[in-house]
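Colleague: I'm new to reading protein models, and I'd like to learn how to pick out the main features. Could you walk me through one?

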Amino acid sequence: MTSKNNSINIPEAREAMDQFKMEAAQEVGVNLKKGYNGDLTSREAGSVGGQMVKKMIEAYERSL
């Protein structure tokens, strides 16, 4: 069994990533709060992560 690793590669980016996550959650209508969010459904959590990936891909494509 693999262990979960939520560490950020660049510690200085933590605040920006937290803000990015909050923005993505708001865009998909998920009530994300600071701290523990274990009450979210898998669908809600997945939609936040999916929105984050979508926005990162769009940013990369714009940079090409």
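Colleague: Let's start with one residue, N37. Is N37 buried or exposed?

Modeller: Residues are sorted by relative accessible area: buried means under 20%, exposed means over 50%, and partly exposed is in between, using a 1.4 Å probe and the protein chains only. N37 has 18% relative accessibility, so N37 counts as buried. N37 sits in the loop between helix 1 and helix 2. Leaving out residues up to four places away in sequence, N37 touches N31 and L32, where a contact means heavy atoms within 4.5 Å.

Colleague: What should I keep in mind about where this model comes from?

Modeller: The model is predicted, so local features need pLDDT of at least 70 and side-chain atom pairs count only at pLDDT 80 or more, while totals for chains, interfaces and linings use all residues. Residues are numbered from 1 along each chain as its sequence is written, and side-chain values use heavy atoms, with hydrogens and water left out.

Colleague: How many helices and strands are there in the protein chain?

Modeller: Helices (H or I, at least four residues) and strands (E, at least two) are DSSP runs, numbered from the N terminus. This protein chain has 2 helices and 0 strands. Its C-alpha trace spans about 40 × 25 × 25 Å along the principal axes, and buried residues make up 16% of the 64 residues.

Colleague: Which residues make up the largest nonpolar core?

Modeller: In soluble globular proteins, nonpolar side chains tend to be buried together. A nonpolar core is a set of buried Ala, Val, Leu, Ile, Met, Phe, Trp, Tyr and Cys residues joined through side-chain atoms within 4.5 Å. Here the largest one has 8 residues: F20, A24, A25, V30, L32, L40, V48 and M52. Helix 1 (14-28) and helix 2 each supply at least two residues of this core, and the largest share, 3 residues, comes from helix 1. Take A24 as a case: not counting residues up to four places away in sequence, A24 touches V48, Q51 and M52.

Colleague: Now the charged side chains. How many salt bridges does the count come to?

Modeller: A salt bridge is a side-chain nitrogen of Lys or Arg within 4 Å of a carboxyl oxygen of Asp or Glu. By this rule the count is 2. One of them joins the side chains of K55 and E27, at 2.8 Å from N to O. K55 lies in helix 2 and E27 in helix 1, so this pair ties together parts that are 28 residues apart in sequence. E27 is partly exposed, at 44% relative accessibility. K33 and D39 also meet in a salt bridge, at 3.1 Å from N to O. K33 is partly exposed at 37%, whereas D39 is exposed at 54%.

Colleague: Which residues form a nonpolar patch on the surface?

Modeller: Patches are made of residues with over 30% relative accessible area and no salt bridge; like charges are joined within 9 Å, and nonpolar side chains (Val, Leu, Ile, Met, Phe, Trp, Tyr) within 5 Å. Areas come from the Shrake-Rupley method with a 1.4 Å probe, and for residues only the protein chains shown count as cover. In this model V53, M56 and I57 form such a patch, with about 260 Å² of accessible area together. V53 lies in helix 2 (residues 42-63), and M56 is found in helix 2. V53 is partly exposed, with a relative accessible area of 43%, and M56 counts as partly exposed at 43%.
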